[in-house]
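Here's a quick look at some charged pairs and at how two helices meet. Have the model open as you read.

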Amino acid sequence: MDKTIKTYLDRAAEIIGDRTSSEIAHDDAVVEALNQGRTIKEALAIAGEKHPDEAIKWNDSNIGDIAGHYEYLKEHNRIMKMLQK
């Protein structure tokens with residue numbers, strides 16, 4: 001494996017952390033909604049309806065951090081798809 005790719009994957013694992021399968025499903029639902037052009041608030045609501053046990057509580061003071069996290073996941077998913085090709 002290329003050293004740059006390994007470094008990226010190691011760092012991504014640190015940022016994303018360990019997640020359960022239900023957390024991954026929730027995150028995937030948020031990213032899917034973002035990819036459809038939804039706002040972060042809409043995406044969180046959609047994912048929360050599909051996966052209520054994983055629904056994220058947000059407010060105006062933390063929504064920016066949450067949005068940043070999901071933008072990172074969105075880009076990470078895009079990179080992973082490119083690497084699989």
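Buried means under 20% relative accessible area, exposed over 50%, and partly exposed in between (1.4 Å probe, protein chains only). By that yardstick Asp10 is partly exposed at 37%, and Lys6 is partly exposed too, at 43%. This is a predicted model, where local features need pLDDT of at least 70, side-chain atom pairs count only at pLDDT 80 or more, and totals for chains, interfaces and linings use all residues. Residues are numbered from 1 along each chain as its sequence is written, and side-chain values use heavy atoms, leaving out hydrogens and water.

There are 5 salt bridges in the structure, each a side-chain nitrogen of Lys or Arg within 4 Å of a carboxyl oxygen of Asp or Glu. Among them are these:

| Pair | N to O distance |
|---|---|
| Lys6 and Asp10 | 2.8 Å |
| Arg19 and Asp27 | 2.7 Å |
| Arg78 and Glu75 | 2.5 Å |

Lys6 and Asp10 sit 4 residues apart in helix H1 (residues 3–16), about one turn; helices here are DSSP runs (H or I, at least four residues), numbered from the N terminus.

Asp27, in helix H2 (residues 21–35), is buried at 8%, while its partner Arg19 is partly exposed at 29%. Leaving aside residues up to four places away in sequence, Asp27 touches Arg19, Tyr70 and Leu73, where contact means heavy atoms within 4.5 Å.

Asp27 is also one of the H2 residues that meet H4, whose side includes Tyr70 and Leu73.

Note on methods:
Helix = DSSP H or I, 4+ residues; strand = E, 2+ residues; numbered from the N terminus.
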